[in-house]
Amino acid sequence: MSLSPDNARQSAPEPVVSDSKALPKVQIRGVNFFYGSHQVLRNVSMDVPALKVTALIGPSGCGKTTLLRCLNRMHDLYPGNRYEGSIQVQPDGTDILGSGVDPIQVRMRFGMVFQKPNPFPKSIYENVAYGLRLQGMNRRRELDERVEKALREAALWEEVKSRLHQMAHNLSGGQQQRLCIARAVATDPDVVLFDEPTSALDPIATSKIEELIVELKKRVTVMIVTHNLQQAGRISDMTAFMYLGELIEFGETNRMFTNPAKPQTEDYISGRFG
Amino acid sequence: MQPELLRKLQEGRARRRKAIDSNFRRLGFFLTLTTLGILGILMLNLAMNGLARIDWQFMSSFPSRRAGEAGILSAWVGTLLLMLVTASAAIPFGVAAGIYLEEYAPKNRWTAFVEINIANLAGVPSILYGLMALGLFVYQFRFGQSLLSGGLALGCLVLPIVIVATRESLRTIPSGIREAAFALGATRWQAVWHHLLPYSTGGIATGVILAMSRAIGESAPLITIGALTFIAFLPPAPLISHAPFVSVDWLFSPFTALPIQMFNWVSRPGEEFQSNAAAAGLILMVITLSMNAAAILLRRRAQRNITW
Amino acid sequence: MVWVLRAGGWASVLVTFGIVITLVTESWPFFREVPLIRLFQDTMWTPLFAQPQYGIGALLAGTLVTTAVALLVAIPLGTILAIYLSEFAEPKFRDWVKPMLELLSAVPTVVYGYFALLSLTPILQKIFPDLPQFSMLSAGLMMGVMIVPYVTSLGEDAMRSVPMLLREGAFALGDGKLGVGLRVVFPGAFSGLAAAYVLAISRAVGETMIVAIAAGLQPKMTLNPLDSAATVTAFIVQVSLGDLPHGSIGYQSIFAAGAALFLMTLGFNLAGHALRRRFHRAT
């Protein structure tokens, strides 16, 4: 049960095709990521299926959050980072790691929900409307409709509909995170990225958000990084297990949890390390 | 909306946002250089008008009604003696106050009041310190329009600077150090004297230099206590040739100072007085800028040497 | 040993005490003699004349106009620089620029006065041919330059303490740097920035030498920046330059002016302190 580099290299992952017949939403091919001279991601390739929840799991430092943040080019905000490889988004096939591609445009197609709720110092309404305004929407009625739709999708509408113009930071932690989800889905992104969205929340808030995500996947593709194996088991359709920057195994969640192919996967899932 | 159309719109917006960003970056860079450039222009102006005027004669002559014969002897001697008084007043009290407030004072309403008080003092216009000195030191305590009154006025003025600098440098020391000292049985004073002060000398020294730099350039408080009279003599020397070998007469002597002298010359018409003023200003700027530069370098070195 | 330290702690309180007591006791005779109403009714400030006028509005107008001109320069310029340094500039660039900007506020004010009178005014006179030798415009502009570092330094500190997580939320929605800076960082740092603005106002109101040298020493009830006028501070300087026997009307009047000045800046300083505390609690 050793995790020597030899083991890992032998099982170098080829592009794992999901078992759905439809075109995958995001095709990740041979992605390396460097922070300065330090390599954080090694030759990661996978197909993220459309309209499903894909979970990224693995021990701390395995690169799952780094991979997630490659998808919406968040690393561009900090100096010293370098991408290699390609990430193609369907149906147009644009490679978002391409040199001519504008990160701002990429971020308009991907929504992101962060580990700690981060509502803006604005009203609830204006938080949700922020992305919509960025996309050029400024007619009051249109905004009202879209804001309500987003808040309903985030299961928050009933709780805030009478106080839309109050400041967002008055909400509880769970409500704030749902507000951030509403903000992310308001602009109809292609994919929503969740970075450990419930790690700062209590169990009740957590389960509300998990229900939400299962609903959301009917409309958008979801990728979620989680430290919580049970959560991955509860809500995801596909699971990717990463270790030390490599993708070790990727497949249907049920199968991976009951019958993992790789020994490292089995070790992690059964709690022998992590 | 059709995905193709949406893409095109998003592309347009992204491009516009990028253009705005690079334009603002250019604007910010330009404005930064311009603002700093003003400092350079100031120095250049002073140098062009005053550098030629600075020579041994200028440094060793008293002011005179004839611009060509005037000099800054009484002014720079006055500034020197003034700083002696200011430093003696501000540094001990300021450092003591900083240590007390940061390490000893309990967190109650009184301490909060003292902190608000210091914040206010830092923003009190300098001329009000002059008025206080006029009423209190010059007349009430009968120190007269003297170096003592002026030095104390400036000492009060820069006291908040020293206090704040002392507190800030004590604050950067992590509490673990204090706890380690106490766990070994040190008294609070021993912890301060043996552990905290040695680590914060860099920050305190920086604050002291900045305070003195500020004091050297102040003129409003000195004008108010009446330091502008035409001073064509030097205060009596602090050291004398017979017992007890030190004299305090100089403290009660009238005086002038560099910024006062510059102000005097600026107010007079005529190009020669203006070049005198420029010369005095140049000397002031060199002193001020070098003290500030020294403080900045000191702060950097202190931060680098001790990493927690 | 501790008593030595405690004495130091009292020092700052004593200084405030000294200022307040002196201002009150030395201006008391003035306020007892001059009915308060005249301060507002009279149109000129000439307390030393045979027929004295006590309209303090003339001095306040000078302070108001020079402060306004200074803020019109310092607040926009200072804020733009703060946003640029906090959101756009490379860290190394910022590390050099910030201390150099602070040098601007360390220049002795008499040097600024010299520059305003002898270099800035002639340039302004090319734009405004009727500009007199002493003008509030020239002094105000110079004051503005001196105050920029206050706004930029405090403002940039406030903006940089806004957590990166907040910015990432906006970037993730596709916003650009300036958009994030103006829409998320600026509101998030607002009480810190407001503290910077208020302290800038206090600094401008209390400035003495620049206005005494470049704006003139004759009180004038005017709101035109192209005029010369005296501020509250310049008046104190002007009277101090002359003979000032203890207890004379001139002596009392400068303490009265000083008392007014103290109240004004006290208000601004307390407001700035409260805003800064609120900002630190919020972050």
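# A tour of the predicted model

Start with strand S4 (residues 81-89) of chain A: two bridges pair it with S5(A) in the antiparallel sense. The model is a predicted one. Now pick Gln88(A). Which residue is the bridge partner of Gln88(A) in S5(A)? Asp95(A) is the partner.

**The four-stranded sheet**

Widen the selection to the whole sheet. Four strands of chain A form an open sheet in the order S2-S1-S4-S5, with antiparallel pairing. Colour its edges next: strand S2 (38-48) and strand S5 (94-95) of chain A each pair on one side only.

**The six-stranded sheet**

Move on to the other sheet of the tour. Select S6, S7, S8, S3, S9 and S10 of chain A; in that order these six strands make an open sheet with mixed pairing. Its edge strands are S6 (110-113) and S10 (246-252) of chain A, each paired on one side only. Ignoring direction, neighbouring strands of this sheet are turned by 15° against each other on average. Strands of a sheet pair through backbone hydrogen bonds, either parallel or antiparallel.

Zoom in on strand S3 (residues 53-57) and strand S8 (residues 221-225), both of chain A. They run parallel, joined by four bridges. Label Ala55(A): opposite, in S8(A), stands Ile224(A).

Now add helix H7 (residues 173-185) of chain A. What does H7 of chain A lie across? Helix H7 crosses S6 and strand S7 (191-195) of chain A, and runs at about 175° to S6(A).

**Helix H8**

Select helix H8 (residues 203-216) of chain A. Its 14 residues reach 20 Å from first C-alpha to last, close to the 20 Å expected at 1.5 Å a residue. Show the side chains of Ile209(A), Leu212(A), Ile213(A) and Leu216(A), the buried residues of H8(A). These residues cover an arc of only 100° around the axis, so they sit on the same side of H8(A). The spacing fits a general rule: an α-helix has 3.6 residues a turn, so residues three or four places apart point the same way.

Turn the helix around. On the other side of H8(A), Pro203(A), Ile204(A) and Glu215(A) are exposed. Then bring up the packing partners. The buried residues of H8(A) pack against S3, S7 and S8, and also against H5, H7 and helix H9 (229-235) of chain A.

**Helix H5**

One of those partners is the next stop. Helix H5 (residues 140-153) of chain A has 14 residues; it reaches 20 Å between its first and last C-alpha, close to the 20 Å expected at 1.5 Å a residue. Its buried residues are Val147(A), Ala150(A) and Leu151(A). Look down the axis of H5(A): the buried residues fall within an arc of 95°, so they line one face of the helix. What covers them includes helix H4 (124-134), helix H6 (157-160) and H7 of chain A. Arg141(A), Glu142(A) and Glu145(A) are exposed on the other side of H5(A). Step just past the helix to Ala155(A), which takes a positive phi of about 55°.

**Colour by pLDDT**

Finish with confidence. Chain A has a mean pLDDT of 89, and 92% of its residues reach 70 or more. Select residues 1-14 of chain A: pLDDT stays under 50 there, and the model has ten contacts beyond four places in sequence for this stretch.

Switch to chain B. It averages a pLDDT of 88, with 98% of the residues scoring at least 70. Which element of chain B has the lowest mean pLDDT? That is helix H7 (residues 175-183) of chain B, at 85, while helix H9 (residues 220-224) of chain B has the highest, 94.

Terms used:
Residues are numbered from 1 along each chain as its sequence is written. Chains are lettered from A and ligands numbered from 1 in the order in which they are written. This is a predicted model: local features need pLDDT of at least 70, side-chain atom pairs count only at pLDDT 80 or more; totals for chains, interfaces and linings use all residues. Two strands pair if DSSP finds at least two bridges between them. Axes are lines fitted to C-alpha atoms, for helices over the stretch in contact, and angles run from 0 to 180 degrees between N-to-C directions. Two residues are in contact if their C-beta atoms, placed from the backbone, lie within 7 Å. The expected span of a helix is 1.5 Å times one less than its number of residues. A residue is buried if 20 or more other C-beta atoms lie within 10 Å of its own, exposed if 12 or fewer, and partly exposed in between; C-beta atoms are placed from the backbone. The arc is that of the directions from the helix axis to the C-beta atoms. pLDDT is the predictor's confidence in each residue, from 0 to 100.
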